[in-house]
Amino acid sequence: MDQSSSYYSIPLGSSYMYNPAPPPPALEYPYIGQPPPPLPIVRLRGLPFGCTEGEIADFMHGLDVVDVLLVHKGKRFTGEAYCVLGYPLQVDFALSRNKKNIGRRYVEVFRSSKQEYYRAIANEVSDASSEYIPRARSAEDLAEHTGVLRMRGMPFSACKEDIIDFFKNFSLLQDSIVILANSEGKPTGEAFVEFANAEDSRAAMAKDRMTIGSRYIELFPSSREELEETVARGRVLQKTTEGEDLTEMTAVLRMRGLPYSAERDDIIDFFKDFVLSEDSVHITHNLEGRPTGEAFVEFANPEDAKAALAKDRMMLGSRYIELFQSSHEDLYESLSRGR
C-alpha cells in the first residue's frame, strides 16, 4: 500500500486491516489548504457479550475496517465497540446496518468522533491498570453514567407503573420515564428512565437482564441529550385513557433466535398446532443474503397469533425462540428492504 496516500498520514503496515482495499487515487483527498474530514468512526451498542473483533468485521463486511475497539468496564465487556473505517463516505454505509443482527442480538450503530474514540482508548488503558492502582470512587468512575438509562425488550403492554415497580429500589416519578413509540404511535418495547443522579443509574444497571413479565430487559447507559433528541423526533408514546389496550393484536408474529439452518418447514413444525402454509412464513436475510436468525409468521387471524405466543421461549433444535407481536407493516418493510 502506498503509505503516502493514507488518510491517517501514518504507516498502515502495523494496523490490523480486516478488509484491506486498494489504495485510493492520490488526489482523492486533496487536503492542501483545507482541513481533513472527520475521522470515519462509528459506535456499536448491544453486541453479544461473547462478540469478537472478527464478528464485528464480518458485520461490516464490504467496508474497510481499520480498527475495532471493544469497550470494557471493570474487566467486563459492556456490549459496545468502536469501529474505525477506511474512508469518511463509508460511515453512511455503516449506519445503514443499524438494528441488523449479530447472532440473536440486533446491534445499534451510531456516528461517533475522534474524541469519543480516543477517550475510550484512554479508559481501556486506565481500566487495565486499575487492579494495580487502587483508587477511590470518583466522578471519573461515573463518566459512563449521566443519570439516564435506556431500556430495551419491554413487553408492548408495559406502562410507567411497571417500570417504576421494576426499579422499586429507586425513587422515580412518572415524569422521569419516557416510553418510546414507532411512527404509528405503537410501543417499541423501549424507554428512557431518568434517575436522581449518576450514582443511582449506575446502581440500577444491576437490574440488567432481569424481567418484566416474561421478558428480560436490557439496560444501557444513555444521556439527557439522547433522550431529548428522541422526544424532539416525536417518538414518544402518547398518554392513553385508563384501560385502553395499547397492544392491538395482529395476525403477525416475529421470531428471533432461530438456528441459521432453520427452514420454513421447521417453523411450520414449531407451530404445528396452527394452520400455516409456506407462503405465510418469511425468513429474513442480511445484505449478504445470510439468514439473520429472525422470521415473520402470518397466522390465519389475530386470535391464533395471540395463542401462538404461548410458544415463546420454547426450543427449535438447540435454540430457544423469542416471539414478539408484530404487524403487516413491519413485515412489508422488511420484505421491501430485500430481507
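Strand S5, residues 105–111, has five of its seven residues buried, so the rest of the structure largely encloses it. Keep in mind that this is a predicted model. Which strands sit alongside S5? On one count there is S1 (residues 41–45), which runs antiparallel to S5 and is joined to it by four bridges. Within that pairing, Arg-45 stands opposite Glu-108. S4 (residues 100–102) also pairs with S5 in the antiparallel sense, this time over three bridges. Here Asn-101 has Tyr-106 of S5 as its bridge partner. S4 and S5 make a hairpin with two residues between them, and Gly-103 in the turn has a positive phi of about 65°.

Now follow S1 to its other partner. S1 and S3 pair antiparallel over five bridges, and in S3 the bridge partner of Arg-45 is Glu-80. So Arg-45 turns up twice in the pairing: opposite Glu-108 in S5 and with Glu-80 in S3. S3 (residues 76–85) is mostly covered too, with eight of its 10 residues buried. S2 (residues 65–73) runs antiparallel to S3, and seven bridges join the two. Val-65 has Leu-85 as its bridge partner in S3. The hairpin of S2 and S3 has two residues between the strands, and Gly-74 takes a positive phi near 60° there.

Further along the chain there is another covered strand, S14 (residues 291–298): six of its eight residues are buried, so the rest of the structure largely encloses it. S12 pairs with S14 in the antiparallel sense over five bridges, with Met-255 facing Ala-295 as its bridge partner. S13 (residues 281–285) runs antiparallel to S14 as well, joined by four bridges, and His-285 stands opposite Pro-291. The hairpin of S13 and S14 has five residues between the strands, and Gly-289 takes a positive phi near 85°.

On to the charges. The count of salt bridges comes to 15. Three of them are laid out here, with their N to O distances.

| Salt bridge | Distance (N to O) |
|---|---|
| Glu-190 and Arg-150 | 2.4 Å |
| Arg-152 and Glu-218 | 3.2 Å |
| Arg-256 and Glu-322 | 3.1 Å |

What does the bridge between Glu-190 and Arg-150 tie together? Glu-190 belongs to strand S8 (residues 187–194) and Arg-150 to strand S6 (residues 148–152), so this pair connects parts that are 40 residues apart in sequence. Are its two members buried or exposed? Glu-190 counts as buried because its relative accessibility is 2%, and Arg-150 counts as buried because its own is 7%; the cut-off for buried is under 20%.

Next comes the salt bridge of Arg-152 and Glu-218, at 3.2 Å. Arg-152 is also in strand S6, whereas Glu-218 is in strand S11 (residues 218–221), so the pair ties together parts 66 residues apart in sequence. Both Arg-152 and Glu-218 are buried.

As for the salt bridge between Arg-256 and Glu-322, the pair links distant parts of the chain, with Arg-256 in strand S12 (residues 252–256) and Glu-322 in strand S17 (residues 322–325), 66 residues apart. Again, both Arg-256 and Glu-322 are buried.

Which residues make up the salt-bridge network? Arg-45, Lys-99, Glu-108, Arg-150, Arg-152, Glu-190, Glu-218 and Glu-226 are linked in it. Two of these names are familiar from the strands above, since Arg-45 stands opposite Glu-108 in S5.

Finally, the surface. A patch of negative charge gathers Glu-263, Asp-265, Asp-266, Asp-269, Glu-278 and Asp-279. One of its members, Glu-263, lies in the loop between S12 and helix H7 (264–270). Glu-263 is exposed because its relative accessible area is 52%, and the cut-off for exposed is over 50%.

There is a nonpolar patch on the surface as well, formed by Tyr-118, Ile-121 and Val-125, with about 290 Å² of accessible area together. Where is Tyr-118 found? Tyr-118 is in helix H3 (residues 114–129), and at 48% relative accessibility Tyr-118 counts as partly exposed.

Terms used: Residues numbered from 1 in each chain as written. Predicted model: local features only at pLDDT ≥ 70, side-chain atom pairs only at ≥ 80, totals over all residues. Heavy atoms only, no water. Salt bridge = Lys/Arg side-chain N within 4 Å of Asp/Glu carboxyl O. Buried < 20%, exposed > 50% of the residue type's maximum accessible area, 1.4 Å probe, protein only. Patch = residues over 30% accessible without salt bridge, like charges linked within 9 Å, V, L, I, M, F, W, Y side chains within 5 Å. Areas by Shrake-Rupley, 256 points an atom, 1.4 Å probe, with all protein chains shown as cover. Lys, Arg positive; Asp, Glu negative; His and termini not counted. Charge placed at Lys NZ, Arg CZ, Asp CG, Glu CD. Pairing = 2+ DSSP bridges.
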